[in-house]
Amino acid sequence: MKILVDENMPYATALFSDMGEVIPFNGRSLTAAQVRDADVLLVRSITNVNAELLAGNHQLKFVGSATIGTDHVDLAYLAKCNIPFSNAPGCNATAVGEFAFIAMLELAQRVNSPLKGKVVGIVGAGNTGTATAKCLQAYGIKVLLNDPIKAAEGDPRSFVSLDTIMAQADIISLHVPITRTGEHKTKHLFDEARLSALKPNTWLVNCCRGDVIDNQALIKVKQKRTDLKLVLDVWEGEPKPLPELVKLAEFATPHIAGYSLEGKARGTFMLYQKLSLLLNLPADKSLIDLLPTFNIKEVEFMTAPNEKALLQLARFVYDLRDDDLIFRNTFLNENGFDIMRKNHLHRREFSALALAYNNLSDVNWLSNLGFSGVGQ
Ligand SMILES: NC(=O)c1ccc[n+]([C@@H]2O[C@H](COP(=O)([O-])OP(=O)(O)OC[C@H]3O[C@@H](n4cnc5c(N)ncnc54)[C@H](O)[C@@H]3O)[C@@H](O)[C@H]2O)c1
Ligand SMILES: O=C(O)[C@H](O)[C@H](O)COP(=O)(O)O
């Protein structure tokens, strides 16, 4: 069996080589000729899976995407051809939640305006929005959720309108899929009118899809509004973001909010579970066995951390400033965006770091944030 696997899918060989020949490919340049005799195709978000790519293949048994987003996959075409498909919902939720939270801590430090006490509006309360809310709430931040679809489905959480978020939130964090039609379409959800209406000093964080914000309009508005602060991980026109917009963002990264080692490994592992089920094979490998131990054994607190100490702690796990700097220095190089993603040194999630403390009460919030070992 030929299993074509995006080269940026960690642990694919360890997980799939018992099932067949694992053949890595470059996700941006995959061709129909390469796919012609594949039995299984495992992609990430940069490969468009459609009739053009698959028409020459008459033996494909499974297509998987190690992502939550499915906007790169023609699901109707796969269904028409009876090709089973699976994505990996939730695989990178913790990674995105921690990325957004760390970005807010970094921004708070940079502009000298504490995160504590701010109100954060989350647009899209699915996997990544919920994970972001979990971090914020663990730290005692008031969170407003907007998700008309979940609200209509009867999700028991409290939801507010987007207008309420616009009026009340100091920080707005975007966590919606890209959709181009329908009542709740998200393409340019933040258009010029909405961007212009952001209340003074709003921080806007986008870790979902670039085209949820009209990037040209964002440049126009931001050039007039120095009070707005931007954290942008995703861009219209990836892998070629508008250089003007990169300059205007406080933190800029190349679509790596979901790139924790755990998150990427979970994506591969979820597809391994799906394919095993489909082929009626036992899924007896373990994800935990694959992940390396973290290079810091334990951090011990003598006093409960304040916001500055919390940021220092977060930086042990992920220093966003490093990625922001590498990105600014390289994104204009040929294939700079993709090369940085490919060579990204996967950060770890908070759970990789064990905390210890001496006689401190009231530190459960750190374990609610996701760190392990608190109180043990
Ligand atoms: N930057 C990254 O590395 C990265 C990582 C993971 C996901 N993503 C992107 O983020 C998106 C969200 O990821 P997720 O795992 O949370 O997906 P999800 O499907 O679990 O959640 C998305 C939520 O958005 C809601 N929604 C849809 N349209 C809406 C609208 N108009 N207004 C408000 N809410 C709306 C849905 O009801 C759903 O609850 C993905 O589709 C993907 O495009 C990016
Ligand atoms: O949709 C997703 O899950 C993310 O956008 C995904 O993590 C992006 O990473 P890629 O698949 O492009 O490596």
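In this predicted model, G258 is a good place to begin: the residue counts as buried because 25 other C-beta atoms lie within 10 Å, where 20 or more are needed. G258 sits in the loop between β11 (251-252) and α12 (261-278). Leaving out residues up to four places away in sequence, G258 touches N92, A95, V96 and G263.

G258 also belongs to the surroundings of ligand 2, together with N8, R44, S45, I46, T67, I68, G69, N92 and H255. Sorted by class, this shell holds 7 polar, 2 nonpolar and 1 charged residues. N92 thus appears twice in the picture, as a residue touched by G258 and as a member of the shell around ligand 2.

The unreviewed UniProt entry carries a "binding site" annotation that covers G258 along with D147 and D233. Turning to D233, this residue lies in the loop between β10 (229-232) and α11 (243-248). D233 counts as buried because it has 27 C-beta neighbours inside 10 Å. Apart from neighbours within four places in sequence, the contacts of D233 are N206, C207, T253, H255, I256 and A257. One of these contacts, H255, is also found around ligand 2.

Strand β1 offers a view of another part of the fold. Residues 2-6 make up this strand, which is mostly covered, with 4 of its 5 residues buried. β1 runs parallel to β2 (residues 21-25), and 5 bridges join the two; here D6 stands opposite F25. β1 is also parallel to β3 (residues 40-43), to which 3 bridges join it, and L4 has L41 of β3 as its bridge partner.

Definitions and conventions:
Residues are numbered from 1 along each chain as its sequence is written. Chains are lettered from A and ligands numbered from 1 in the order in which they are written. This is a predicted model: local features need pLDDT of at least 70, side-chain atom pairs count only at pLDDT 80 or more; totals for chains, interfaces and linings use all residues. A residue is near a molecule or strand if its C-beta atom, placed from the backbone, lies within 6 Å of it. Ala, Val, Leu, Ile, Met, Phe, Trp, Tyr, Cys and Pro count as nonpolar, Asp, Glu, Lys and Arg as charged, and the others, Gly among them, as polar. UniProt positions are given in the numbering used here, feature names are shortened, and annotations may be inferred rather than shown by experiment. A residue is buried if 20 or more other C-beta atoms lie within 10 Å of its own, exposed if 12 or fewer, and partly exposed in between; C-beta atoms are placed from the backbone. Two residues are in contact if their C-beta atoms, placed from the backbone, lie within 7 Å. Two strands pair if DSSP finds at least two bridges between them.
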